[in-house]
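Colleague: I would like a close look at one part of this model, set in the context of the whole chain. Please take it step by step and keep the reasoning visible.

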Amino acid sequence: MTQATERKQRNELALSGGAQTVDLSPPAWPVASEKEVERMAEVVRSGKWSWFGPHERAFCEDYAAFIGTKHCAAMANGTVTLQCGLQAVGVTPGDEVIVPGLTWVATAQAALDVGANVVLVDIDPETLCLDPAAFEAAITPRTKAVIPVHLYGCMCDMDAIMSIAKKHGIKVVEDVAHQQGSRWRDQGAGAIGDVGSYSFQQSKVLASGEGGAVTCDDSEIYETLFSLKQVGWQSDLSTPGNRYGHNYRITEMQCVLLRGGLERLPAQTARREESVARIATGLAEMGGPLRAVRRDPRVTRQAHYAMTLFFDPDLAEGITRNQYIAALKAEGCPAGSSSYHPVYRSPLLNLYHSTSPVPFRNPDDVQDYASLRLPVTERAVADTAMIIMQTHLLGTDAYIDQILAAIEKVNGNMDGVRSHFAG
Ligand SMILES: Cc1ncc(COP(=O)(O)O)c(C=O)c1O
């Protein structure tokens with residue numbers, strides 16, 4: 001191949017047969033060290049596989065210290081943590097729980113599963129997190145709790161949410177499934193509301209395959225959480241309590257992985273922050289339709305399940321976000337659309353079937369999900385929201401620069417993208 005042909009191939013969009021820009025690979029995820037492998041073998045040989053063993057106790061102590069709370073109860077996943085968190089702050093059947101319109105369906109399901117009516121409200125167009133004004137507007141005398149979800153790479157406005165919640169006597173259950181280690185004015189995400197709920201499912205930044213935890217300061221709430229996940233027992237395990245509880249326990253094997261992950265987490269969070277800053281600067285310098293979302297200065301540490309990006313259709317020369325994503329994807333660039341859809345469109349929330357709690361709600365009290373429209377949520381999901389998942393943010397500078405080069409190439413060939421889709 002001549003140099004000129006090679007150059008042409010490099011400049012031509014991969015969408016139209018040119019060379020792909022990104023040829024480096026992101027790091028593997030999830031990861032574990034030899035120390036965890038050895039500890040896992042010890043656990044297997046020990047016969048102590050569950051029931052509040054030494055690894056669970058050690059992890060809970062370290063994790064509570066990391067988040068900045070007095071207590072941590074580890075559980076089977078990040079859905080039962082939300083259920084237990086809601087019940088522990090006093091949510092009972094028939095209460096209303098306010099949930100943002102953009103989140104994983106489990107946030108809403110957890111509230112439905114404890115018999116609450118889920119009221120879905122709109123999000124902030126920049127952060128994609130719960131809009132405090134929409135939260136306040138949805139409050140009724142039956143509202144018992146709100147679940148601010150710290151989504152992808154932005155925290156909710158916790159000043160506004162806490163002040164509204166306080167004014168109306170509403171409990172705050174933070175959903176921190178995405179952001180173990182974020183800090184708002186130096187307070188840990190999950191330590192600001194009444195309880196914090198975390199998922200350790202394998203794609204999360206702290207992972208044990210499956211797993212979850214709830215953190216809190218209040219000792220009574222902690223005892224309730226413990227008995228809810230430990231078939232009604234108290235945390236000293238000596239006396240069965242008098243509360244109704246389930247088996248939502250975590251295993252020692254999961255806690256071995258979590259202890260190792262927690263040791264690595266601060267350095268990984270710092271690396272993701274560096275990559276996000278590098279991408280944000282690169283995008284600002286090159287211009288075009290894609291930019292990083294604005295960093296709220298009250299966020300003193302941002303953990304990233306993903307980097308949140310904003311695609312501006314007004315700057316895209318008639319190209320839709322999905323066409324833009326297709327062009328990036330062809331270049332090997334991992335920037336994609338929001339992995340979540342408006343929650344009210346989830347088949348699970350619209351299932352009028354005997355296996356679902358939905359038909360058993362009082363029709364006079366409930367939101368009709370099928371006809372609900374939240375305009376900011378819908379526009380973000382369809383037209384403006386983009387993300388880069390956390391694993392990619394752990395890549396080397398060279399990998400991040402290839403991502404930027406792919407975006408720059410597409411930005412410089414918008415005519416090519418347009419003609420590709422026109423043809
Ligand atoms: C925002 C959010 N909340 C809750 C959950 C539920 O966590 P789990 O899958 O561990 O049940 C998830 C999981 O993806 C999530 O993303």
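What share of the 423 residues of the chain count as buried? And, for the close look, how is strand β9 covered and paired?

Modeller: This is a predicted model, and every value below is to be read in that light. Of the 423 residues of the chain, 48% count as buried. The chain holds 14 helices and 14 strands, and its C-alpha atoms fill a box of roughly 80 × 55 × 40 Å along the principal axes. The radius of gyration is 23 Å, which agrees with a compact globule, because a chain of 423 residues folded in that way would have a value near 22 Å. Among the contacts with a separation of 6 or more, 71% are between residues 24 or more positions apart.

Turning to the part you asked about, strand β9 covers residues 212-216, and five of its five residues are buried. The burial holds for both faces of the strand, with Gly-212, Val-214 and Cys-216 on one side and Ala-213 and Thr-215 on the other. As for its pairing, strand β1, residues 71-75, runs antiparallel to β9 and is joined to it by five bridges, and within this pair Ala-73 stands opposite Val-214. Strand β8, residues 195-199, also pairs with β9 in the antiparallel sense, here over four bridges, and Gly-196 has Thr-215 as its bridge partner.

Ala-73 leads on to the interior of the chain, since together with Leu-86 and Val-97 it is listed among the residues with the most contacts inside the largest nonpolar core, a set of 123 residues. The element that gives the most to this core is helix α9, residues 252-286, with eight residues. The surroundings of Val-97 can be followed in detail: leaving aside neighbours within four places in sequence, Val-97 is in contact with Leu-86, Val-91, Ala-111, Ala-116, Val-118, Val-119, Lys-144, Ala-145 and Ile-147.

The ligand is the next point to consider. It is surrounded by 14 residues, of which the closest are Gly-78, Thr-79, Trp-104, Ala-177 and Ser-199. By character, this shell divides into four nonpolar residues, nine polar and one charged. Ser-199 provides a link back to the pairing described above, for strand β8 spans residues 195-199 and Ser-199 is one of the closest residues to the ligand.

A second strand may be set beside β9, namely β12, which covers residues 306-311 and is mostly covered, with five of its six residues buried. Strand β10, residues 290-292, runs antiparallel to β12 and is joined to it by three bridges, with Leu-290 having Phe-311 as its bridge partner. Strand β14, residues 385-389, likewise pairs with β12 in the antiparallel sense, over five bridges, and in that pair Thr-308 is matched with Ile-387.

Finally, there is Met-414, which lies in helix α14, residues 414-422. Met-414 counts as buried because 20 other C-beta atoms lie within 10 Å, and the cut-off for a buried residue is 20 or more. Not counting residues up to four places away in sequence, Met-414 touches Glu-317 and Ile-319. The C-alpha atoms of Met-414 and Ala-316 are separated by 7.8 Å, although the two residues are 98 residues apart along the chain.

How values were computed
Residues are numbered from 1 along each chain as its sequence is written. This is a predicted model: local features need pLDDT of at least 70, side-chain atom pairs count only at pLDDT 80 or more; totals for chains, interfaces and linings use all residues. Helices (H or I, at least four residues) and strands (E, at least two) are DSSP runs, numbered from the N terminus. A residue is buried if 20 or more other C-beta atoms lie within 10 Å of its own, exposed if 12 or fewer, and partly exposed in between; C-beta atoms are placed from the backbone. Two residues are in contact if their C-beta atoms, placed from the backbone, lie within 7 Å. The radius of gyration is taken over C-alpha atoms; the globule rule is 2.2 Å times the number of residues to the power 0.38. A nonpolar core is a set of buried Ala, Val, Leu, Ile, Met, Phe, Trp, Tyr and Cys residues joined through C-beta atoms within 7 Å. A residue is near a molecule or strand if its C-beta atom, placed from the backbone, lies within 6 Å of it. Ala, Val, Leu, Ile, Met, Phe, Trp, Tyr, Cys and Pro count as nonpolar, Asp, Glu, Lys and Arg as charged, and the others, Gly among them, as polar. Two strands pair if DSSP finds at least two bridges between them.
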